[in-house]
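Trainee: Before I rely on any description of this model, I would like to understand the reasoning behind the words that are used for it.

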Amino acid sequence: MSRSLLQVEALSVHFPVRGRGGAPATLRAVDEVGFTIAPGETLGVVGESGCGKSTLARALLRLVPVASGTIRFDGTDYSRTDERALRPLRRAMRMVFQDPLASLNPRFTVRQAVREPLDIFEPRRPTRERDRLADAMLDRVGLGAAYAERYPHELSGGQNQRVSIARALVAEPRLVICDEAVSALDVSIQAQILNLLADIQRDTGIALLFISHDLSVVRHLSRRLLVLYLGRTMECGDAATIFANPRHPYTRSLIDAVPVPDPAIERARRAPPLPGDLPSPLAPPSGCVFRTRCPRASSVCAITPPPLRGGPGALFACHHPLEEPTP
Amino acid sequence: MTADAGTLVAAAASLRGESLWRAAAGRFAANRAAMAGVLILVLITAFAFIAPLVSPHEMETNDWERIQIAPTAEQAHWFGTDANGRDLFVRVAAGARVSLAIGLITTLVAVLIGVLYGAVAGYVGGRTDQVMMRIVDVLYALPLFFAIIILVTVFGRNIFLVFLAIGAVEWLTIARIVRGQTLAAKQTEYVEAARSLGAPATRIILRHIVPNVVGPVIVFSTLLVPTVILVESFLSFLGLGVQEPQTSWGLLISQGTAALDSAPWLLVIPASFLAATMFAFNFIGDGLRDALDPRDEA
Amino acid sequence: MSAAPPILSVRDLSVRFATRRGSVEAVRGVSFEVAAGRSLGLVGESGSGKSQTCYAIMGLMPGNATVGGSARLEGEQLVGATRARLDALRGRRMGLVFQDPMTALTPHMTVGAQLCEILAYHEGAGSAEARRRALEIMERVRITDPERRFEMYPFELSGGMRQRIVIATALVLRPALLIADEPTTALDVTVQAEVLRTFRAVVEHTGTSLVLVTHDLGVVAGACDEVAVMYAGRIVERAATADLFHAPAHPYTRALLACRPRLDDPPVARLRTIEGQPPSLAGREDDGCAFAPRCGFAQAACHSQRPALLTRRAADGTTREVACHLDAPP
């Protein structure tokens with residue numbers, strides 16, 4: 001088995017906050033999450049807003065401090081190193097953010113934005129050469145050289161996201177994290193960007209960590225899947241297996257929630273796929289955090305958090321998993 | 001996600017992008033009052049440097065035959081003379097050079113120091129920020145004139161002291177403004193993106209934060225220059241600032257006030273120049289604020 | 001089909017913006033009707049003009065916009081109406097729901113207080129009466145435990161709950177028409193379903209008409225009786241929802257339907273997309289169909305002559321409006 005590119009074990013990210021009434025509390029944004037990504041592989045991370053997926057991404061890039069657990073990139077544990085030692089990590093692991101316009105400096109031209117990783121990591125390279133590489137990457141993502149001198153506020157959302165992707169790809173990264181990278185885009189542009197990412201992955205062999213609340217988007221790119229709820233793992237493993245036979249009720253609800261462009265099916269939906277609201281992350285339910293919205297919850301769910309268990313394809317954390325279909 | 005109408009038009013526009021600065025410059029140029037302010041400043045600056053070339057008189061030459069004569073074309077005393085027979089025309093021009101220089105240079109230095117100090121404090125945050133801003137608070141509490149009086153008593157009257165004293169106070173407000181703006185800029189996604197790319201702190205501060213927070217600073221500075229000139233005028237009026245043989249508008253106004261009954265032009269003319277300059281800077285400052293309004297930036 | 005006049009009747013609506021770099025025609029002659037108790041989905045991507053159409057109807061245009069054509073709400077002309085009249089109509093006869101619930105609600109007032117304020121201001125309701133009606137409308141939009149939620153501040157509520165409060169504020173004065181601009185775009189998929197069901201329930205039970213603007217066809221499938229698809233400032237197809245999804249006539253509609261990856265489809269290597277980008281709306285309009293450069297079925301006539309929106313009767317007896325030269329989808 002090839003050595004994994006990114007190996008995360010029992011990662012936790014906690015934030016000290018002021019709870020209701022002013023008492024200090026701890027927000028467990030990410031709690032004991034673990035997964036691996038092999039070179040060239042795509043891991044999809046799904047869950048609703050507030051499930052910790054964006055915090056997870058930021059923790060991987062060390063933009064927020066890690067409370068406990070390890071992050072190994074190419075075998076080396078980066079979870080506690082200081083800023084200087086993180087330089088190689090920053091070059092190898094990049095991020096594409098959700099809001100295309102907000103993630104670009106409004107005073108930089110498109111070319112300056114795309115060139116920035118080169119300016120940081122290869123400052124000795126002549127400027128002309130760095131410009132050339134940036135322009136080549138702009139071409140690769142489907143934006144012609146005509147856009148190089150423009151400013152982000154003059155481009156559409158889809159175009160800006162391509163700029164963001166170009167910036168993430170220049171200077172040869174090994175892993176790109178896409179944090180809701182297509183959520184803010186029109187459906188047809190979403191499809192274009194997803195195809196672009198798939199093409200680039202095929203050509204360059206980079207690994208992807210694709211975060212989204214929309215399962216239909218995640219499914220297209222991901223070979224492996226991680227389902228999060230309130231910062232905890234609900235289900236993880238091989239994507240095809242999970243989509244075909246989700247074992248965890250939350251995964252099932254997420255799948256059911258995806259709107260289907262078929263009026264007959266949509267109108268026939270009576271029950272809401274996921275009743276109630278997300279509990280406050282400051283006061284997660286005891287035992288299994290999903291139990292307050294789970295149709296299968298029982299008394300044991302309130303007492304013991306379910307361990308991660310399961311078969312070769314996928315793992316799930318549930319006391320009452322959905323049935324595996326009989327072969 | 002709705003498309004901004006401006007975006008749609010820009011998509012059809014020329015290849016060269018229009019930066020936010022260029023767009024702001026366009027808005028500024030369309031503002032009549034602001035452009036009028038620019039014109040006034042240009043004229044006064046031109047006057048400050050051309051007047052000595054045009055007039056046959058020197059700044060310090062005493063013409064005892066023509067003491068306190070009203071403005072007249074005779075002998076080219078277009079602004080009249082003062083109690084010592086010195087031509088007011090060239091003296092006002094000399095005062096303009098001094099007052100404008102103090103205003104601009106002091107503001108420039110205050111801006112440079114204030115921007116860097118505030119950006120560093122805001123970006124680094126934590127203890128460093130607390131300490132840096134407490135220093136600002138303490139310095140802020142020191143009364144300006146008190147400090148100047150002490151300085152003057154110790155070092156004597158010196159034009160550089162004026163620069164120093166005023167600049168030492170003005171950078172404080174700028175530092176505060178910039179620190180606040182930096183705190184906000186730190187939260188933006190493009191700064192986060194720069195951090196994720198591994199940009200070192202100096203690069204983030206200089207290339208990502210400063211250019212994006214400098215808008216309010218520009219507006220503030222433009223409104224600061226007339227304040228500086230006014231403070232300098234006041235100091236000179238009190239006898240604490242510029243001293244003879246140099247002159248400034250403040251000094252001229254001080255001398256003019258003494259001769260108000262007999263030679264009103266000695267007060268009115270320098271005061272008018274000062275007032276016109278103040279108006280000009282205020283119009284320009286207002287125009288800049290409107291042009292740089294973030295709401296207009298897409 | 002009832003003979004009652006439509007609640008909303010739009011004829012040849014156009015919107016033009018005068019910008020520093022030239023004029024932009026965001027909406028180019030849009031016509032449709034919404035009957036009482038019916039819902040219309042206005043679908044299109046960024047730049048299609050769908051949001052501008054709604055803002056023009058609501059009378060919320062910026063200073064550099066010129067609105068032409070006609071938009072009648074219960075027979076009253078909105079285009080060119082005075083600002084005072086539009087202010088009076090908004091809220092009472094027209095309810096508005098925007099994309100971001102957080103900015104639509106005042107952060108420092110409880111949601112109950114905000115609902116009561118609307119009732120007090122527009123109808124002079126006393127506090128007991130206002131509270132009663134506020135709770136009633138909160139139940140109507142399926143907010144659980146309304147008494148407790150009444151006392152909560154917007155930041156204490158989840159995104160979906162906030163949006164439902166916004167819908168409540170839009171409905172509390174019992175308007176005849178509700179206009180929602182991308183109401184679920186900022187919400188998670190799971191919450192989206194809830195909010196859309198709320199819209200559907202509101203239309204069915206209160207008889208309020210609905211215009212729902214979105215870029216997502218999946219959203220209109222469940223919530224709207226009729227769908228109008230917009231492209232480059234014009235309507236290119238309008239049909240009953242079931243008909244549109246069952247047999248889309250316009251190539252753009254078909255392409256749009258094909259773009260969305262569906263979970264019940266087998267996984268594919270490449271998603272279907274619409275290559276290229278929408279045309280610029282600046283300056284003079286080109287001849288021919290706006291979609292022709294991106295259309296897989298374009299013929300010579302498509303590039304030179306713009307197709308008009310015409311009623312077409314299909315073999316199964318359904319009627320729809322399509323703006324396309326092609327007689328039948330190939």
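Mentor: What follows takes a few descriptions in turn, and please keep in mind throughout that this is a predicted model.

Trainee: What makes chain C as compact as a globular protein of its length?

Mentor: Chain C, which has 12 helices and 12 strands, has a radius of gyration of 21 Å, and the globule rule gives 20 Å for 330 residues, so the two values are close and chain C counts as compact in that sense. Along the principal axes, its C-alpha atoms fill a box of roughly 65 × 50 × 45 Å.

Trainee: How many of the residues of chain C count as buried, and what does that word require?

Mentor: A residue is buried if 20 or more other C-beta atoms lie within 10 Å of its own, and 50% of the 330 residues of chain C count as buried. Among the contacts in chain C with a separation of 6 or more, 63% join residues 24 or more positions apart.

Trainee: Which elements of chain C supply the side that touches chain A?

Mentor: The contact takes 36 residues from chain C and 36 residues from chain A. On the side of chain C, helices 7, 8, 9, 10 and 11 each supply at least two residues, and helix 8 gives the most, with six residues. By class, that side of chain C has 16 nonpolar, 11 polar and nine charged residues.

Trainee: And how do helix 4 and helix 7 of chain B pack?

Mentor: Helix 4 (residues 88-124) and helix 7 (residues 159-186) of chain B have axes 6 Å apart at an angle of about 35 degrees, and their crossing is right-handed.

Terms used:
Residues are numbered from 1 along each chain as its sequence is written. Chains are lettered from A and ligands numbered from 1 in the order in which they are written. This is a predicted model: local features need pLDDT of at least 70, side-chain atom pairs count only at pLDDT 80 or more; totals for chains, interfaces and linings use all residues. Helices (H or I, at least four residues) and strands (E, at least two) are DSSP runs, numbered from the N terminus. The radius of gyration is taken over C-alpha atoms; the globule rule is 2.2 Å times the number of residues to the power 0.38. A residue is buried if 20 or more other C-beta atoms lie within 10 Å of its own, exposed if 12 or fewer, and partly exposed in between; C-beta atoms are placed from the backbone. Two residues are in contact if their C-beta atoms, placed from the backbone, lie within 7 Å. Axes are lines fitted to C-alpha atoms, for helices over the stretch in contact, and angles run from 0 to 180 degrees between N-to-C directions. A crossing is left-handed if the near helix is turned anticlockwise from the far one by less than a right angle, and right-handed if clockwise. Ala, Val, Leu, Ile, Met, Phe, Trp, Tyr, Cys and Pro count as nonpolar, Asp, Glu, Lys and Arg as charged, and the others, Gly among them, as polar.
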